Amino acid sequence: MPVRLEDVLKHPTLTAAEPVVRAAAGAVPRTQLRWVHSSEVLDIASLLGGGELLLTGGQALAAASDERRTGYIRDLARRGVAALAVETGSVLPSIPSSMVSAAEEAGLPLIELRRVVPFVAVMEAINSQLVSQSAAQLQQADQASHAMAVELAHGSSLDRILGVLAAATGAEVELISTAGITLASAEPAGDSDAPAHVASADEAPDHQRTVHVEVPVRGIPSARLTLHVREDADVNLARIAGNRSVDILSLALLQRMPPGLKELAGAALIRAIDSGKQNWRLQELGPAAGIPVSARVVAVVVRSPASKELRRSVEHLLDPGGQYSASYADNAELLALAVLRSANPYVERQKIVDGLQSLDVPEGTVSAVGPAASGIAAAPWSLSEARLTLELAADVGRGRSGAISPRRVFDAQAFAVERLAVQSMDEPVRRDFIRQQLGAVLEHDAQRHSQLVETLRVWLDSGCNTAQAARDLHLERQSMHQRMQRIFSLCGGDPRGTGRLAALHLATRLAALQPK
């Protein structure tokens, strides 16, 4: 019997907290739990598996911006978290309305705990019930997996293999290729009149009752298994059984639609580029993957808690036709290579940067686009420069604001100065150069807790456009002029029209890389 959220809210360990549902109340009766977890970390979504009741004391939420809070809600909903319970009190007097609206829109039950209760006691009490339930679910999932293997051994169709999974889970099951083609589907036998819960026009989609599982073939993403769990069925059983069926479905797809040479060569090519294989190996794999040996190519690195899930979107962005790109994803990083085929490769490369910026990605995802490389032999260089750009961007982010901004795409070309400097100047040399150019400005910042070095960098980055720099720094023009006059007095006068401009600009860029 599934453990439901509405029953957990009536458990003595939680009733003492005087829980009140603030959003998505309609979803509470049909929401099932897989686990109860507590965390104050706002980037927790990527570490969750779905189906959790998440408890939080609210300290991190109280200090976060509205944008960060709503992003937190959306990430939890996207991950399939069952519900979020927030403890209110002196630190967080009430749940912000922005979070309530975001949770309502996402269909994520949001619960306010108006009294302090020990989260450990709640987790021990509820999780003990869930552990007993999980043992039975694992046994049922293994039985379903075995029955699917028997059907595969007897040469049954994909529809029939999925029929075993549908009967065992009470879910409508679909297997859809990466091209969007339905390969097979099944419904629970004799239950066609009991449709899965469908959200009404004024109701948020019920993400908790839909389970998605990626199905690779020889490491190549080939299909997605989707289970639409009916209202009277066990979502956790469907989640476990779906994951247990991946190996069976991979074998079935391998028999019926094995990945082609191009896909296999593409994955091998990316791995060879990543490991720094000799040129002859790259020249052998490139044409097999559809990438000419002499083509101008660009490498892309995406670091994300959902790197595998993003692979299809990134591939389509780099090459909508699917003929001139290759990619490879592991648990934390997606690597891709694209051919720049237009007459103006610089414009095409910028489209890649802009396209990555527009992708809908999980919180904490960062990407870098390497410089254009002439020929497949230079692809490892483009990849290494993209990785270096991510490291430099993290250093710059910490140096300026204490943390790297989320959901960012970094262009290696915008970090060309920093890349050259860190590769050709060791740390003491860089430090001495910065001190020679900016010594008095640095001392002023240290003594007055000002930000003149950063102001100078923004001004120089803008092409010495004072009005534009003021807008970028959110300063009044008069305040900006006063800052610039102070900077000029500290660094020996207005550098425009002198040979000092380039050296000052380099020093400000390098200063952003220095640890605070």
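Cys-464 sits in the loop that joins helix H17 (452-461) to helix H18 (466-473), where helices (H or I, at least four residues) and strands (E, at least two) are DSSP runs numbered from the N terminus. The model is a predicted one, in which local features need pLDDT of at least 70, side-chain atom pairs count only at pLDDT 80 or more, and totals for chains, interfaces and linings use all residues. Residues are numbered from 1 along each chain as its sequence is written, and side-chain values use heavy atoms, with hydrogens and water left out.

Most residues other than glycine have a negative phi. Cys-464, although not a glycine, has a positive phi of about 65 degrees. Its relative accessibility is 16%, so Cys-464 counts as buried (buried means under 20% relative accessible area, exposed over 50%, partly exposed in between, with a 1.4 Å probe and protein chains only). A little further along, the loop between H18 and helix H19 (477-490) holds His-474. His-474 also lacks the excuse of being a glycine, yet takes a positive phi of about 60 degrees. With a relative accessible area of 73%, His-474 is exposed.

Helix H11 (residues 279-288) has Leu-282, Leu-285 and Gly-286 buried. These buried residues fall within an arc of 110 degrees when seen down the axis of H11, so they line one face of the helix; the arc is that of the directions from the helix axis to the C-beta atoms. An α-helix has 3.6 residues a turn, so residues three or four places apart point the same way. Gly-290, just after H11, takes a positive phi of about 85 degrees.

Turning to internal space, a search of the whole structure finds 1 cavity of 30 Å³ or more. A cavity is a set of points, on a 1 Å grid over the protein atoms alone, where a 1.4 Å probe fits but cannot get out, and lining residues have an atom within 4 Å of a point. The largest cavity has a volume of about 40 Å³, a volume being the space filled by probe spheres set on the points, which are joined across faces, edges and corners. Its lining consists of Ile-270, Ile-273, Ala-299, Leu-335, Ala-336, Leu-337 and Leu-383. Helix H10 (261-275) and strand S12 (333-339) are the elements that give two or more residues to this lining, and S12 gives the most, with 3 residues.

At the level of the chain, there are 20 helices and 15 strands, and 50% of the 516 residues count as buried.

Conventions: On a 1 Å grid over the protein atoms alone, a cavity is a set of points where a 1.4 Å probe fits but cannot get out, and a pocket is an open set with protein on both sides within 12 Å along at least five of seven lines; lining residues have an atom within 4 Å of a point.
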